[in-house]
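Subject: Handing over the structure

Hi,

Here is the structure I promised to pass on to you. Please open it first, and then read my notes alongside it.

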Amino acid sequence: MKVCIKTIGCRTNKADSIELRQALFPLPVSFTDTLEEANAVILFTCAVTSKAEKDVRLYISQARRYAAGAPIAVTGCLTEVIPPEKWKEMGVAIVFNNSQKHMIKSWVEEILKRFEKTELKGTKKETGTEIKEDIIQITGMNRPPLKVQEGCSMKCSYCIVPKTRGKERSIPIEEVLKKIEIFVNNGAKEIIIVGVQLGAWGKDLNPPQTISHLLERIFKKNFSTRVRLGSIEPWGINEKLIEMFSVKTKDQRLCPHIHIPLQSGSDSILKKMNRPYRKSDYYKIVSKILEADPDIAIGTDIITGFPGETDKEFEETLNFIESIPFAYLHIFTFSPRRETPAFSMPERVASDIMKERLKRLKEIDETKRNLFKQKFRGKTVNAIVEKVSDEKEASGTVEYFFRVSFPLVASQEVKELDKKEIVKVKIVDTTPFTAKGVMI
Ligand code: SF4
């Protein structure tokens, strides 16, 4: 029996879907990305923007069309917002809200029983042991995200996540270490530590701990994989964490990359967003990080078109972004979500103004990406190979969070790639969105 698991939304959602794949792994099922082949479809939904909601609806209609007859299950944040009867109208067989995800496995087992009964005689059955046991089979990637924290107790005025994912809670350290071990034993070459509010990890544990404790414990274990920290809010970053990124003392397995959502470079907008910092606080944190490692990749999220955002406030944001050597920006236009305070805020920004602001931010993003990558020309970076095309070229993600492609000259190199944890690549050329190199 084939199960199609589709994930829309953030890395935390991706980590949840990977956990489900791991839970289903012992069953005689295999995974497919092709709807036509699927005997059951499970969709991890997102409620953060109206675009994400649109994507969910579109995927359900595609699943009904191309995976005709296969039951569709939905889970994730949008199930906390849309009532079950509406899902039924869309053709969804069953809804698992965020606290019911653990029940999906039993649902799959039920379908499996029905499937086995109706299966044609003589048709080869798949068994768990026939499925290739490696991380790519489970996760579809060799850089899997691992969720260590769930929920958010903040109240950013535009954000629906605290409603959909509940209060902050941490996965205990021993459980995290066990999960990492499973990933490592199954061939993961990089683990991305993610959480809805990553900086809150450990606050609810007894005794309370911080994300830097967690990283220390991970590195003590001598896992061979490298570790990347997922998105972390500015207020979740402490001195100890910054010190861990210092080039002088850093564990080589920690990727020199940190993603710190800014959202706006205007204090008045940050206030309306109910973000608990001002741009000077953000600047101080980033300056300290750059002092610790001048080459580190710093990424950020920006929302433009927040209700009432004036031209002046937008210009303030642009100027602030210009003052920081970001490696990249993730840009969003404000998306009103009915269940949030920002939904009823006056002075919505007109869509043509929003588009124009988005365009200007994209131009800055392109320049920043270009400048950041240029620094690495002639330098050697470490790539985890994720794709080999026609045995002639390979590409992968480097520790500084950009992709590099490099030619493979001898067929021997292709075989060698499989054995290598990480490939050393000298960067020879860069553009805003690509980098080319040679394997050394
Ligand atoms: S910190 Fe703010 S933006 Fe992030 S999940 Fe919590 S409420 Fe949403």
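Asn274 makes a good starting point: with a relative accessible area of 43%, Asn274 is partly exposed. Before going further, please keep in mind that this is a predicted model. Asn274 sits in the loop that runs between α10 (267–272) and α11 (279–292). Its backbone is worth a look too, since Asn274 has a positive phi of about 60° although it is not a glycine. For context, most residues other than glycine have a negative phi, and most peptide bonds are trans.

**Other backbone features**

Phe401 also has a positive phi, of about 65°, and is not a glycine either. You will find Phe401 in the loop between β14 (393–398) and β15 (403–407). Phe401 counts as partly exposed because its relative accessible area is 23%, and the cut-off for buried is under 20%.

What do the strands around Phe401 form? β14 and β15 make a hairpin with four residues between them, and Phe401 is in the turn. The two strands pair in the antiparallel sense over five bridges. Gly396, for instance, has Val404 in β15 as its bridge partner.

The peptide bond between Asn206 and Pro207 is cis, with omega at about 0°. Pro207 belongs to the loop between β8 (190–195) and α8 (211–220).

**Around the ligand**

Which residues surround the ligand? They are Cys152, Met154, Cys156, Tyr158, Cys159, Val161, Pro162, Val196, Gln197, Glu233, Trp235 and Arg275. Sorted by class, this shell has nine nonpolar residues, one polar residue and two charged ones.

**A sheet of four strands**

There is an open sheet of four strands in the order β7-β6-β8-β9, and its pairing is mixed. Its edge strands are β7 (169–170) and β9 (226–229), each of which pairs on one side only. Strand β6 (residues 145–150) is joined to β7 by two bridges, and these strands run antiparallel. In that pairing, Glu150 has Arg169 in β7 as its bridge partner.

Glu150 appears again among the salt bridges: its side chain meets that of Lys147, with N to O at 2.8 Å. Both Glu150 and Lys147 are buried.

**More on the salt bridges**

As general background, side chains of opposite charge can pair when their charged atoms come close. How many salt bridges are there in this model? The count comes to 32.

One of them brings together the side chains of Arg143 and Glu386, at 3.0 Å from N to O. Arg143 lies in the loop between α5 (135–139) and β6, while Glu386 lies in strand β13 (residues 380–389), so this pair ties together parts that are 243 residues apart in sequence. Is Arg143 buried or exposed? At 10% relative accessibility, Arg143 counts as buried, whereas Glu386, at 31%, counts as partly exposed.

Another salt bridge is formed by Asp295 and Lys375, whose closest N and O atoms are 3.8 Å apart. This pair also links distant parts of the chain: Asp295 is in the loop between α11 and β11 (297–304), and Lys375 is in the loop between α13 (351–374) and β13, 80 residues apart. Asp295 is partly exposed, with a relative accessible area of 25%, and Lys375 counts as partly exposed at 34%.

Some salt bridges share partners, and in this way Arg143, Glu190, Arg226, Arg228, Glu386 and Arg403 are joined into one network.

**On the surface**

Val428, Val438 and Ile440 form a nonpolar patch on the surface, and together they have about 250 Å² of accessible area. Ile440 is found in the segment after β17 (435–439). Ile440 counts as exposed because its relative accessibility is 57%, and the cut-off for exposed is over 50%.

Asn185 is exposed as well, at 60% relative accessibility. Asn185 lies in helix α7 (residues 173–185). If you would like to trace a distance, try Asn185 and Pro208: they are 23 residues apart along the chain, and their C-alpha atoms are separated by 29 Å.

Enjoy exploring, and best wishes!

Methods:
Residues are numbered from 1 along each chain as its sequence is written. This is a predicted model: local features need pLDDT of at least 70, side-chain atom pairs count only at pLDDT 80 or more; totals for chains, interfaces and linings use all residues. Side-chain values use heavy atoms; hydrogens and water are left out. A residue is near a molecule or strand if one of its heavy atoms lies within 4 Å of it. Ala, Val, Leu, Ile, Met, Phe, Trp, Tyr, Cys and Pro count as nonpolar, Asp, Glu, Lys and Arg as charged, and the others, Gly among them, as polar. Buried means under 20% relative accessible area, exposed over 50%, partly exposed in between (1.4 Å probe, protein chains only). Patches are made of residues with over 30% relative accessible area and no salt bridge: like charges are joined within 9 Å, nonpolar side chains (Val, Leu, Ile, Met, Phe, Trp, Tyr) within 5 Å. Accessible areas come from the Shrake-Rupley method with a 1.4 Å probe; for residues, only the protein chains shown count as cover. A salt bridge is a side-chain nitrogen of Lys or Arg within 4 Å of a carboxyl oxygen of Asp or Glu. Two strands pair if DSSP finds at least two bridges between them.
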